[in-house]
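Here are some worked exercises to go through with the model open in your viewer. Try each task yourself, then read the steps.

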Amino acid sequence: MVALPEAYTVVKGEGLPVIVAHGMGVDHRSLMMLDDAFAPGTKRIYLDLPGYGRTPALPEPGGLPELAQWFFETVNALVGEGERFALLGNSMGGALVRDTLSREPGRVAGMALIAPVVDPVMSHRNLAKHVVADPNPQLTGSLPQDKVIDFVTMGVNQSFDAWRRYQRYILPGTKLCDREANARLGKRYWLDGVPEERLGTYDGPTLIVTAQQDQIVGHEDQKTLLKHYPNAVYQTIDPSGHNIHVDNPEAVKPLVAAWSQKLVR
């Protein structure tokens with residue numbers, strides 16, 4: 001039996017564990033810009049998923065089903081069997097936390113989704129148009145193409161402040177991405193069943209944040225989740241692209257703060 005990789009983690013705060021899962025192509029740092037939004041009494045555990053950052057890649061086949069199983073087992077290892085925890089997932093991380101919640105909902109104190117993947121199959125998604133309302137050629141024209149392409153294609157905020165956030169929190173992780181592992185994941189990008197079909201309903205504190213100009217996962221498919229999460233707060237941020245928290249942190253942080261406060265009441 002092949003040993004699964006141990007997760008590299010960065011831990012902030014003390015209290016209820018909140019496992020934070022990032023998306024494809026980046027690492028744990030991509031969500032750490034939200035850390036000051038969390039309520040006291042939460043222990044944020046930012047992890048690198050396999051093949052990203054400092055966590056070694058999964059063995060073959062290394063697809064999304066295997067990643068979901070790894071994530072579930074890793075959560076148990078981090079918080080302890082039977083212990084309560086909360087989950088926050090961004091993009092692909094949103095699919096992973098939904099899967100884990102559906103396995104043991106009684107242990108989950110709350111779930112937050114930021115631009116989450118709902119249907120892993122891109123052709124099935126209802127996507128938004130990526131529109132940059134205020135282009136900044138002074139910035140984008142001065143940056144090397146290999147550094148700016150994701151910034152331009154994912155986000156709609158081309159301000160210098162947004163670029164500094166991208167440069168600090170997103171770009172370092174893209175440099176550490178295991179491209180072969182990422183390609184294997186892309187070839188097996190589906191879950192073993194729809195998490196909500198296994199779950200039914202979950203009435204814990206839930207946050208779903210989407211972006212009006214998100215051409216990666218859109219903002220319509222996430223509404224189909226609401227019937228399964230009766231206490232969900234659903235918000236579409238405008239203007240924002242797939243990297244909502246980079247484009248518009250001042251809109252995302254209060255939502256995360258309010259959700260996290262519910263966890264520790």
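In which sense do β1 and β3 pair, and over how many bridges?

**Solution.** β1 and β3 pair in the antiparallel sense, over four bridges. Two strands count as a pair if DSSP finds at least two bridges between them. Helices (H or I, at least four residues) and strands (E, at least two) are DSSP runs, numbered from the N terminus. To check the register, go to Lys12, which stands opposite Arg44 in β3.

Before you carry on, some ground rules: this is a predicted model, where local features need pLDDT of at least 70 and side-chain atom pairs count only at pLDDT 80 or more, while totals for chains, interfaces and linings use all residues. Residues are numbered from 1 along each chain as its sequence is written, and side-chain values use heavy atoms, with hydrogens and water left out.

**Exercise 1. Lay out the sheet.**

*Step 1.* Write down the strand order: β1-β3-β2-β4-β5-β6-β7, an open sheet of seven strands with mixed pairing.

*Step 2.* Find the edges. β1 (9-12) and β7 (232-237) each have a single partner strand, so one side of each has no neighbour in the sheet.

*Step 3.* Add the twist, which averages 15° from one strand to the next. Angles here run from 0 to 180 degrees between N-to-C directions, and axes are lines fitted to C-alpha atoms, for helices over the stretch in contact.

*Step 4.* Look at the other partner of β3. Strand β2 (residues 16-21) pairs with strand β3 (residues 42-47) in the parallel sense, over five bridges, and Val20 sits opposite Tyr46 in β3.

*Step 5.* Check the cover on β3: five of its six residues are buried. Buried means under 20% relative accessible area, exposed over 50%, and partly exposed in between (1.4 Å probe, protein chains only).

**Exercise 2. Place two helices on the sheet.**

*Step 1.* Start with helix α1 (residues 64-79). It lies across β1, β2, β3 and β4 (85-90), and runs at about 150° to β2.

*Step 2.* Now take helix α9 (residues 249-263). It lies across β2, β3, β4, β5 (108-114), β6 (206-211) and β7, and runs at about 170° to β5.

**Exercise 3. Work out how two helix pairs cross.**

*Step 1.* Recall the descriptors: two packed helices are described by the angle between their axes and the distance between the axes.

*Step 2.* For α1 and helix α2 (residues 92-103), the axes come within 9 Å and cross at roughly 60°.

*Step 3.* Classify the angle. Under 35 degrees is roughly parallel, over 145 roughly antiparallel, 65 to 115 roughly perpendicular, and the rest oblique. α1 and α2 are therefore oblique to each other.

*Step 4.* List who touches whom, with contact meaning heavy atoms within 4.5 Å. Leu64, Leu67, Ala68, Gln69, Phe71 and Phe72 in α1 meet Met92, Leu96, Val97, Asp99, Thr100 and Arg103 in α2.

*Step 5.* Repeat for helix α4 (residues 145-154) and α5, whose axes come within 11 Å and cross at roughly 110°. α4 and α5 are therefore roughly perpendicular. Here Lys147, Asp150 and Phe151 in α4 meet Ala162, Trp163, Tyr166, Leu171 and Lys175 in α5.

**Exercise 4. Track down the aromatic cluster.**

*Step 1.* Search the whole structure and you get four aromatic pairs. Rings of Phe, Tyr and Trp (its six-membered ring) pair if their centres lie within 6.5 Å; planes under 30 degrees apart count as stacked, over 60 as edge-to-face and the rest as tilted.

*Step 2.* Pick Trp163 and Tyr166: 5.7 Å centre to centre with 20° between the planes, so this pair is stacked.

*Step 3.* Place them in sequence. They are three residues apart in helix α5 (residues 160-175), so about one helical turn separates Trp163 and Tyr166.

*Step 4.* Check burial: Trp163 is buried at 6% relative accessibility, and Tyr166 is buried at 2%.

*Step 5.* Extend the group: ring pairs link Phe151, Trp163 and Tyr166 into a cluster.

**Exercise 5. Chase a long-range contact.**

*Step 1.* Find Leu176, in the loop between α5 and α6 (179-187). Leu176 is partly exposed, with a relative accessible area of 42%.

*Step 2.* Compare sequence with space: Leu176 and Gly51 are 125 residues apart in sequence, but 8.4 Å apart C-alpha to C-alpha.

*Step 3.* Leave aside neighbours within four places in sequence, and Leu176 is in contact with Asp27, Arg29, Gly51, Tyr52 and Gly53.
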